[in-house]
Amino acid sequence: MGTVTTSDGTTIFCKDWGPRDAQPLVFHHGWPLSSDDWDAQMLFFLQQGYRVIAHDRRGHGRSDQTSGGHDMDTYAADVATLAEALDLRDAVHIGHSTGGGEVARYVARAEPGRVARAVLVGAVPPVMVKSDSNPGGTPIEVFDGFRSALAANRAQFYIEVASGPFYGFNRPGAEVSQGLIDNWWRQGMTGAANAHYECIKAFSETDFTEDLKRIEVPVLVMHGTDDQVVPYDDSAPLTVKLLKNGTLKSYEGYPHGMLTVHPDVLNPDILEWLRS
């Protein structure tokens, strides 16, 4: 574990496990979490011989709690700094939710040779918010509600997200894990309230259409059909249509946090695609 420092002096926390000469897999977490959300993937792929890397986005986890820079351009620039500092070549960038947006923006702009492939899981692209050009999107009032709830009582809001829609624990017959709820809450509360508040705009209103069109490398798009956070119909199928070399893999009935509740299914699927 270590840190890198960005051009504006922000310290970004990162984990870097495995052989330095192995292919690097770089994991990008969702809102409002941290690199700890990738435990099940980092352990699995480490055992498969990969070099596994995950960072805490600025304002999240153990990275600096900055007063600004909570936008996709800055997030992508921070990733570029990380890739340069660790001299990552032919890396696979894997992003969940907000992290999927971060991956799309970074990969579209990455230096030649830095990126070999990308994986978007329950990811926010092309764009979440409803508009005339995105009539199937989520109304802005939903995200305004997120902001209001965060400002009023962030701790309670995070309990409700984790125990409800994120993992699908609000569905009849769901097998609820208190440990996952508590760990989600722990990760969220470690980060900065201002960063999380501003990141809502970044993940909901950023349009990744042009980023997706620019990406040349193969991209695996994975999404659960019962995703209550990033609705399936307005995300994964539209993303694949914009990519030059995209593959869609859908998971019937799976929730937004499917990487954590179904790692036994998703991890081997990612591995099979990486080896194909």
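## A residue pair in the sheet

Alanine 118 stands opposite valine 219 in β7, and this pair serves as the entry point to a description of a model that is predicted. The two strands concerned are β6, residues 115-121, and β7, residues 219-224, which pair in the parallel sense over four bridges.

Both strands belong to an open sheet of eight strands, whose order is β1-β2-β4-β3-β5-β6-β7-β8 and whose pairing is mixed. The edge strands are β1 (2-5) and β8 (246-251), each of which pairs on one side only, and the twist from one strand to the next averages 20°.

## The antiparallel part

At one edge of the sheet, β1 and β2 run antiparallel and are joined by four bridges, with isoleucine 12 in β2 as the bridge partner of valine 4. These two strands form a hairpin with five residues between them, and glycine 9, which lies in the turn, has a positive phi of about 90°.

Strand β2 (residues 11-17) is also joined by four bridges to β4 (residues 51-55), again in the antiparallel sense, and here the bridge partner of tryptophan 17 is valine 52 in β4. Five of the seven residues of β2 are buried, so this strand is largely enclosed by the rest of the structure.

## Strand β5 and its neighbours

Strand β5 covers residues 91-96, and six of its six residues are buried, so the strand is largely enclosed by the rest of the structure. Ala91, His93 and Gly95 point one way from β5, while Val92, Ile94 and His96 point the other way, and all are buried.

On one side, β5 pairs in the parallel sense with β3 (residues 24-28) over four bridges, where phenylalanine 27 stands opposite isoleucine 94. The pairing of β5 with β6 is likewise parallel and extends over six bridges; in this case isoleucine 94 has valine 119 of β6 as its bridge partner.

## From β5 into helix α3

Serine 97 lies in the loop between β5 and α3 and is buried, with a relative accessible area of 7%. Its phi is positive, at about 55°, although serine 97 is not a glycine. Most residues other than glycine have a negative phi, and most peptide bonds are trans.

Threonine 98 is placed in helix α3, which spans residues 98-109, and is buried with a relative accessible area of 0%. Leaving aside residues up to four places away in sequence, threonine 98 touches His29, Gly30, Trp31, Arg57, Met72, Val124, Cys199 and Phe203.

## Other backbone exceptions

Aspartate 87, found in the loop between α2 (72-85) and β5, also has a positive phi, near 50°, in a residue other than glycine. At 46% relative accessibility, aspartate 87 counts as partly exposed.

Two cis peptide bonds may be noted here. One runs from tryptophan 31 to proline 32, with omega near -10°, and proline 32 lies in the loop between β3 and α1 (39-47). Another joins proline 125 and proline 126, with omega about 5°, and proline 126 is found in the loop between β6 and α4 (140-163).

## Helix α7 and its contacts

Leucine 212 sits in helix α7, residues 209-214, and is buried, with a relative accessible area of 0%. Apart from residues up to four places away in sequence, leucine 212 touches Ala104, Leu120, Pro125, Pro126, Thr239, Leu242 and Leu243, a list that includes both prolines of the cis bond between residues 125 and 126. The C-alpha atoms of leucine 212 and proline 135, which are 77 residues apart along the chain, are separated by 19 Å.

Threonine 209 is found in helix α7 as well and, with residues up to four places away in sequence again not counted, touches Pro126 and Leu242. Threonine 209 and alanine 192 are 17 residues apart in sequence, and their C-alpha atoms are 29 Å apart in space.

## Internal cavities

The count comes to three cavities of 30 Å³ or more, and the largest has a volume of about 40 Å³. Val124, Pro125, Val127, Met128, Thr138, Val230, Pro231, Asp234 and Ser235 line this largest cavity, and these lining residues divide into six nonpolar, two polar and one charged. Two of the lining residues appear above in other contexts: Val124 is among the contacts of threonine 98, and Pro125 is among those of leucine 212.

Technical notes
Residues numbered from 1 in each chain as written. Predicted model: local features only at pLDDT ≥ 70, side-chain atom pairs only at ≥ 80, totals over all residues. Heavy atoms only, no water. Pairing = 2+ DSSP bridges. Axes fitted to C-alpha atoms, helices over the stretch in contact; angles between N-to-C directions. 1 Å grid on protein atoms, 1.4 Å probe; cavity = no way out; pocket = protein on both sides within 12 Å on 5 of 7 lines; lining within 4 Å. Points joined across faces, edges and corners; volume = space filled by probe spheres on them. Nonpolar A, V, L, I, M, F, W, Y, C, P; charged D, E, K, R; others polar. Buried < 20%, exposed > 50% of the residue type's maximum accessible area, 1.4 Å probe, protein only. Contact = heavy atoms within 4.5 Å.
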